[in-house]
Amino acid sequence: MKIDGTAYRTIWPAQDGWAVEIIDQTRMPHDFAVARLTNLEEAAHAIRAMLVRGAPLIGATAAYGVALAMRADPSDAALEAAHARLLATRPTAVNLRWALERMRARLAPLPPAARVEAAYAEAAVVCDEDVAINRAIGEHGAALIREAARHKAPGEPVNVLTHCNAGWLATVDWGTALAPVYVAFEEGIRLHVWVDETRPRNQGASLTAWELNRHGVPHTVVVDNTGGHLMQHGMVDLCIVGTDRTTATGDVCNKIGTYLKALAAHDNGVPFYVALPSPTIDWGMADGVREIPIEERDAREVTELTGITADGRIETIRVTPAGSPAVNYGFDVTPARLVTGLVTERGVCPASREGLLGLFPEQGAAP
Ligand code: MRU
């Protein structure tokens, strides 16, 4: 995406050819700062502390984390240690495991001396593939927005509701849920996006709003509990969200609060679509509610709020009484029955095993 005339991805090799640069998303929307990753520990920290976040970008960063680890020590033991260290950073997005397994499968058979070059090359391919996949998701998803536009009165925008940030900041480029929005917007379709703020970390209010704003896409930020009201009053034509892990049966795990939006959409007859690249499908899982590990983060993300003061200082304040306990589940699972369709790089399918296998028949042997 272009920022002030410069095309950015969210992760790229530094000019020196070995370090890796990222956009530090913990500083947004107040500051657009680039951070430099020079070793395995910095890559692991960037994922854990959410300098980078979003399932596809977590996977891409892990791939480069392995490359940085190989540069320090290309031995078998170091490869295994890097895999374990990075896998432990965040539990829910399956793209992390997918990227690490891909790196290990590529590097383990090579002699250690050949691993550094191969690791950087493979990480670059992971990133390039993510961009191509997301662009394809954008094309398939834009058809849904185009169809919704046919039912609108002349001049009326298609209203899309999204949750969290599944835009280009969550991927290497384009995004998943927002890719259809960008493609439709470039086509000239009139649209407007309702942006859920997405407490506690506010990825909607800080990141989705920032990127839509930069791109000139009309949007409005709403507090998380507004979606049901909007849908009851015909103010949402379709919902599109991303996902951190989708089971082989079409259950969808995404940022906490997604399930409530799907329930409200179901009750009001609003189509609820989930956009996902195939590395987000966990072909070995069938029951999302019981099987997907849900990240629990620091309760201070709930008890505190961070923002910018009028004179430009970033400050954190407490919003709960001292002594009130809080809990911070990062994700929830939306059962497949509440999902209208899955938007993948190969097309749109029903949220079911049959639907997914129709698009990915090569996975037919999976449990
Ligand atoms: O905790 P985060 O910010 O990593 O959560 C991100 C999401 O929930 C996204 O919707 C999901 O990763 C899909 S990103 C294309």
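Colleague: Starting with two helices of this predicted model, are α1 and α3 roughly parallel or roughly perpendicular to each other?
Modeller: Take the angle first: the axes of α1 (residues 40–48) and α3 (residues 76–87) cross at roughly 20° and come within 9 Å. Anything under 35 degrees counts as roughly parallel. So α1 and α3 are, relative to each other, roughly parallel.

Colleague: What is the handedness of the α1 and α3 crossing, and how many charged residues does the contact have?
Modeller: The crossing of α1 and α3 is right-handed. On the α1 side the contact uses Leu40, Ala43 and Ala44, and α3 brings Ala82, Arg85 and Leu86. Sorted by class, that makes five nonpolar, no polar and, for the charged group, one.

Colleague: Now α5 and α6: are they roughly parallel or roughly perpendicular to each other?
Modeller: Helix α5 covers residues 115–150 and α6 covers 178–187, with the axes 7 Å apart and a packing angle of about 65°. The range for roughly perpendicular runs from 65 to 115 degrees. α5 and α6 are therefore roughly perpendicular.

Colleague: How many nonpolar residues does the contact of α5 with α6 have?
Modeller: α5 passes α6 in a right-handed crossing. Among the contact residues are Ile137, Leu144 and Ile145 of α5, plus Tyr182 and Val183 of α6. The contact also includes Arg135, Glu139 and Arg146 of α5 and Glu187 of α6. By class that gives four charged, three polar and, for the nonpolar group, nine.

Colleague: α5 meets α4 as well; at what angle do the axes of α4 and α5 cross?
Modeller: The pair makes a right-handed crossing, with α4 passing α5. The two axes come within 10 Å of each other, and the crossing angle is roughly 140°.

Colleague: How many polar residues does the contact of α4 with α5 have?
Modeller: From α4 come Ala99, Arg102, Met103, Arg106 and Leu107, while α5 supplies Arg115, Ala118, Ala119, Glu122 and Val126. Six of these residues are nonpolar and four are charged, and the number of polar ones is zero, since the class split reads nonpolar six, charged four and polar no residues.

Colleague: Zooming out, how far apart are the C-alpha centres of domain 1 and domain 2?
Modeller: The protein chain splits into domain 1 (2–129) and domain 2 (140–364). The domains do touch, with 23 residues of domain 1 in contact with 28 residues of domain 2. Centre to centre, counted on C-alpha atoms, the separation is 24 Å.

Colleague: Which element gives the largest share of the side of domain 1 that touches domain 2?
Modeller: Two elements give two or more residues to that side of domain 1, namely α2 and α4 (94–107). By class, the residues on this side are 13 nonpolar, seven polar and three charged. The largest share is five residues, and it comes from α2.

Colleague: Let's turn to the ligand: which residues come nearest to it?
Modeller: The shell draws at least three residues from each of domain 1 and domain 2. The elements giving two or more residues are α2 (55–72) and β11 (252–255). There are 18 residues around the ligand, and the nearest are Arg53, Ala55, Ala170, Gly242 and Lys255.

Colleague: And how many polar residues does the shell around the ligand have?
Modeller: For the class count, Gly goes with the polar residues. The shell has six nonpolar and three charged residues, and the polar count is nine.

Colleague: On to the backbone: in which loop does proline 29 lie?
Modeller: The peptide bond from methionine 28 to proline 29 is cis, with omega near 10°. Proline 29 itself sits in the loop between β4 (20–23) and β5 (34–37).

Colleague: There's a cis peptide bond before proline 200 too; which residue does it join to proline 200?
Modeller: Proline 200 is in the loop between β7 (191–196) and α7 (203–215). Omega is about 10° for this cis bond, and the partner of proline 200 is arginine 199.

Colleague: Last one: what phi does cysteine 164 have?
Modeller: Cysteine 164 is in the loop between β6 (158–162) and α6. Although this residue is not a glycine, its phi is positive, at about 65°.

Note on methods:
Residues numbered from 1 in each chain as written. Predicted model: local features only at pLDDT ≥ 70, side-chain atom pairs only at ≥ 80, totals over all residues. Axes fitted to C-alpha atoms, helices over the stretch in contact; angles between N-to-C directions. Helix = DSSP H or I, 4+ residues; strand = E, 2+ residues; numbered from the N terminus. Parallel < 35°, antiparallel > 145°, perpendicular 65-115°, else oblique. Left-handed = near helix turned anticlockwise from the far one by under 90°. Contact = placed C-beta atoms within 7 Å. Near = placed C-beta within 6 Å. Domains from an automatic or database assignment.
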